[in-house]
Amino acid sequence: MSKTISLTFWVLALIYILLMNQLPVALALVSKAAPILLLLIPVWKLLAGKLRLGMVIAILFSAGGDILLALDGAVGNFFVPGLASFLIAQVTYAILFWQHSKFHRQRLWLAAGYVPIAFILAWFILPASGELLIPVTAYLMAISAMVLGAAFCNRPWQWLFVGASTFALSDSLIAINKFIEPLPYAGVAIMLTYYLAQYMIVSGMIKPED
């Protein structure tokens with residue numbers, strides 16, 4: 001990814017993180033999704049075919065989830081639609097990772113290390129999710145598929161696995177903050193890990209195969 005795109009991405013991301021509680025709704029929608037939509041540029045320029053299409057879909061639905069969750073509580077209840085939009089993005093990332101995967105024995109420890117974490121998250125989050133049990137369960141499964149796929153993807157796994165794991169961390173913070181207990185500085189932690197996750201995933205996918 002070019003230095004210009006990287007610098008612009010992080011400037012936009014930090015502007016939103018620093019000002020997100022002070023922005024009017026309309027401006028918050030634009031500034032929250034802007035860093036993610038910027039990632040379409042390197043994806044479109046450096047990828048082709050089904051891989052490019054899949055990454056565009058994942059990025060667009062991620063941006064859609066950003067917008068819907070920014071609307072949640074401000075003008076109505078948009079948590080479930082936002083969750084659905086991110087679910088599509090997660091499933092798309094998972095499909096892409098597994099389509100470009102190959103078994104690597106040395107990476108089994110990555111997958112093995114994540115599995116108990118996924119079960120611990122499910123143990124705490126699912127009982128607290130109430131009437132959202134089914135969509136939250138589906139979402140946790142999609143996250144797990146994405147992280148495990150990243151461990152075996154032929155693209156540079158260091159970028160993808162850390163990115164996917166950070167994405168899972170961001171989503172876990174959302175779930176804990178919403179369903180279990182409000183967290184201090186939750187918004188900052190959630191958005192910082194989210195932007196880092198998306199940046200690393202896109203950076204890994206536009207690099208050549210291992």
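**Fold, surface and selected residues of an all-helix chain**

Tyr185 lies in the loop between helix 8 (157-180) and helix 9 (186-205). In this predicted model, the phi angle of Tyr185 is near 55°, a positive value in a residue other than glycine. The relative accessible area of Tyr185 is 70%, and the residue is therefore classed as exposed, the cut-off for that class being over 50%.

The loop of Tyr185 belongs to a chain whose secondary structure consists of 9 helices and 0 strands. Along the sequence, the elements follow the pattern α-α-α-α-α-α-α-α-α. The radius of gyration is 16 Å, which agrees with the value near 17 Å for a compact globule of 210 residues. Taken along the principal axes, the box filled by the C-alpha atoms is roughly 45 × 40 × 25 Å. Contacts that link distant parts of the sequence were also examined. Among contacts between residues at least 6 apart in sequence, 76% join residues at least 24 apart.

Of the 210 residues, 48% count as buried. The chain exposes about 10400 Å², and carbon and sulfur atoms supply 73% of this area. As for charge, the chain carries 11 positive and 7 negative charges, and the mean positions of the two sets are 16 Å apart.

Two residues of helix 5 were considered in more detail. Ser85 lies in this helix, which spans residues 79-99. With a relative accessible area of 7%, Ser85 is buried, because the class takes in values under 20%. The side chain of Ser85 reaches the backbone nitrogen of Gly65 at a distance of 3.2 Å. When neighbours within four places in sequence are left aside, the residues in contact with Ser85 are Phe61, Gly64, Gly65 and Leu68. Gly65 thus appears both in the contact list of Ser85 and as the residue whose backbone nitrogen is reached by the Ser85 side chain.

Pro81 is also found in helix 5. Its relative accessibility is 36%, so Pro81 counts as partly exposed; this value falls between the 20% limit for buried residues and the 50% limit for exposed ones. Gly65 is again the partner in the distance computed for Pro81: the two residues are 16 apart along the chain, and their C-alpha atoms are separated by 7.6 Å. Within helix 5, then, Ser85 is buried, whereas Pro81 is partly exposed.

Key. Residues are numbered from 1 along each chain as its sequence is written. This is a predicted model: local features need pLDDT of at least 70, side-chain atom pairs count only at pLDDT 80 or more; totals for chains, interfaces and linings use all residues. Side-chain values use heavy atoms; hydrogens and water are left out. Helices (H or I, at least four residues) and strands (E, at least two) are DSSP runs, numbered from the N terminus. The radius of gyration is taken over C-alpha atoms; the globule rule is 2.2 Å times the number of residues to the power 0.38. Buried means under 20% relative accessible area, exposed over 50%, partly exposed in between (1.4 Å probe, protein chains only). Contact means heavy atoms within 4.5 Å. Accessible areas come from the Shrake-Rupley method with a 1.4 Å probe; for residues, only the protein chains shown count as cover. Lys and Arg count as positive and Asp and Glu as negative; His and the chain ends are not counted. The place of a charge is taken as NZ of Lys, CZ of Arg, CG of Asp or CD of Glu. A polar contact is a pair of N or O atoms within 3.5 Å; within protein, one must be able to donate a hydrogen and the other to accept it, and residues adjacent in sequence count only if both atoms are side-chain atoms.
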